[in-house]
2 protein chains.
Amino acid sequence: MKPETDARTDTRKKILDLAEVLMLSRGFNAFSYQHISGELGVRNAAIHYHFPKKTDLGVALIERYRRRFARYVEAQAELSPPVQLDRYFSLADTYYNKQQICPSGILSAELHTLPPEMRQSTASFVEEMRTWAVDIVRRGQVAGAMHYVGTPEGMGTIVFAAMQGSLQLARLDSTALDEVKQQIRLLLGMAQA
Amino acid sequence: MKPETDARTDTRKKILDLAEVLMLSRGFNAFSYQHISGELGVRNAAIHYHFPKKTDLGVALIERYRRRFARYVEAQAELSPPVQLDRYFSLADTYYNKQQICPSGILSAELHTLPPEMRQSTASFVEEMRTWAVDIVRRGQVAGAMHYVGTPEGMGTIVFAAMQGSLQLARLDSTALDEVKQQIRLLLGMAQA
DNA sequence: GCGACTCTACTTACTGGTCAGTAAGGTGTC
DNA sequence: GACACCTTACTGACCAGTAAGTAGAGTCGC
């Protein structure tokens, strides 16, 4: 009766949560159903019951990301662009502390080895994230809180690309992420408070 | 006698060349000795003769990159920083046209699944690339050809991170690479000729 | 208030494929 | 005859995926 204790939902969610951690730290190709079932204390076939093919699991993961991201964007719509940027930076710190990289980073790096259904979802997801980054710097410029050369498209795209890249580099050089965050603030003409 | 037709060198080099293409398009974990031996028209064990463990092949690949990169940097030492940046952009275009991403991108994304020897080589390689990017913008600033806020460390790091990220994103959004290149030129205060 | 039925959520047990890696043998060249 | 450079033939591990069976909980007629 109570949906929050529904066994189906529960195991399914646990699988997705574990798969998410594995994908962001090891990549989609480098984890197996064994990794999940072992950690979860069930048999391999139990995972196949919820997600018949690994592709199904992968698509479900990305689609969950897209829904979560859409809610995240909507929930923060009222915040000022500089505050939204700070939240974005905090999110990157969270990934870094968990030894993970961002979803778009691992998915685009592995793209050519992913099944077509996952590529399609990934393309939509990345498009949504880039649009969001462009939007922040555009509204920041309009509001007079951000000042920079070039277009919002160019600036938003470079912010997105640099954050994705620096999260990866930070695995090898712990200063990279902080350095990029600080430089983005400077390039957006924001106080380095 | 003639080293350029030496069978050993020849096959070994062909293996490395094929492995390089495979790694930059599919990733280190997503290609097998079968992929190489099939393409090369030899048996699997022939690859193992030259590179007993896959780790040996991986390390050899990265070390070859480091040597090649060192030669590349030295050969261009006399060029002006803006020209060096253009060469860097052209290199990125080359990767993009071959549907590949840069070595540091795939290696840092896959880092947690790589054998320790490869991680060590990767760390050195990435460090060298970042230092080089910082150097270009530092010398560009000193020469008065580049103008930007912040330190050369911050600016060089963000250029490196953004190029790595945009090469990955360009697989999903073909405009990303050009947009980032153009924005970098603007942020470095260079004419957009 | 109890047996028959049904559905969810697993289990055991298996298949066929791919993988890295090895051992032992062959062949041409210096 | 020694060495470089392969070959054939194999092993054991892991992989995604499937088929068939089962335990338990809920539902229904009656």
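How many helices and how many strands are there in chain A?

**Exercise 1. Describe the fold of chain A in outline.**

Solution. The model is a predicted one, and the first step is to list its secondary structure: chain A holds 9 helices and 0 strands. Read from the N terminus on, its elements therefore give the order α-α-α-α-α-α-α-α-α, with helices counted as DSSP runs of at least four residues.

The next step concerns extent and packing. The C-alpha trace of chain A spans about 55 × 40 × 30 Å along its principal axes, and 51% of the 193 residues of the chain count as buried. Among contacts in chain A between residues at least 6 apart in sequence, 65% join residues at least 24 apart.

The last step turns to the surface and the charges. Chain A exposes about 8900 Å², of which carbon and sulfur atoms supply 54%. As for the charges, the chain carries 23 positive and 21 negative ones, and the mean positions of these two sets are 5 Å apart.

**Exercise 2. Work out how chain B is related to chain A, and describe the contact between them.**

Solution. Begin with the superposition: chain B is brought onto chain A by a rotation of 180 degrees with 0.0 Å of shift along its axis, at an RMSD of 0.0 Å. The two copies are thus related as by a two-fold rotation axis. The residue of chain B that comes closest to this rotation axis is B:Ala162, whose C-alpha lies at 1.9 Å from it. The same surface serves both copies, since 100% of the contact residues of chain B recur in chain A.

Then consider the extent of the contact, to which chain B gives 46 residues and chain A gives 46 residues. Between them the two chains bury about 3800 Å², and 69% of this area is on carbon and sulfur atoms. On the side of chain B, the residues B:His112, B:Leu169 and B:Leu172 supply 17% of the area buried against chain A, which is more than any other three residues.

**Exercise 3. Decide whether A:Thr113 is buried or exposed, and name its contacts.**

Solution. First locate the residue: A:Thr113 is found in the loop between α6 (103–109) and α7 of chain A. Its relative accessibility is 17%, and because buried means under 20%, A:Thr113 counts as buried. Its neighbours within four places in sequence are then set aside, which leaves contacts with A:Asn29 and, across in chain B, with B:Arg26 and B:Ala30.

**Exercise 4. Place A:Ser124 and A:Leu40, classify each by accessibility, and examine a C-alpha separation for each.**

Solution. Take A:Ser124 to begin with, whose place is in helix α7 (residues 116–142) of chain A. Its relative accessible area is 22%, so A:Ser124 is partly exposed, a class that lies between the cut-offs of 20% and 50%. Although A:Ser124 and A:Arg66 are 58 residues apart along the chain, their C-alpha atoms are separated by 8.4 Å.

Turn next to A:Leu40, which lies in helix α2 (residues 33–40) of chain A. A:Leu40 is likewise partly exposed, with a relative accessible area of 22%. When its neighbours within four places in sequence are left aside, A:Leu40 is in contact with A:Thr11, A:Lys14, A:Ile15 and A:Leu18. By contrast with these contacts, the C-alpha atom of A:Leu40 is separated by 33 Å from that of A:Glu127, a residue 87 places away along the chain.

Note on methods
Residues are numbered from 1 along each chain as its sequence is written. Chains are lettered from A and ligands numbered from 1 in the order in which they are written. This is a predicted model: local features need pLDDT of at least 70, side-chain atom pairs count only at pLDDT 80 or more; totals for chains, interfaces and linings use all residues. Side-chain values use heavy atoms; hydrogens and water are left out. Helices (H or I, at least four residues) and strands (E, at least two) are DSSP runs, numbered from the N terminus. Buried means under 20% relative accessible area, exposed over 50%, partly exposed in between (1.4 Å probe, protein chains only). Contact means heavy atoms within 4.5 Å. Accessible areas come from the Shrake-Rupley method with a 1.4 Å probe; for residues, only the protein chains shown count as cover. Lys and Arg count as positive and Asp and Glu as negative; His and the chain ends are not counted. The place of a charge is taken as NZ of Lys, CZ of Arg, CG of Asp or CD of Glu. Copies are superposed by least squares on the C-alpha atoms of residues with pLDDT of at least 70 in both. Buried area is the accessible area (1.4 Å probe) that two parts lose on being put together, summed over both.
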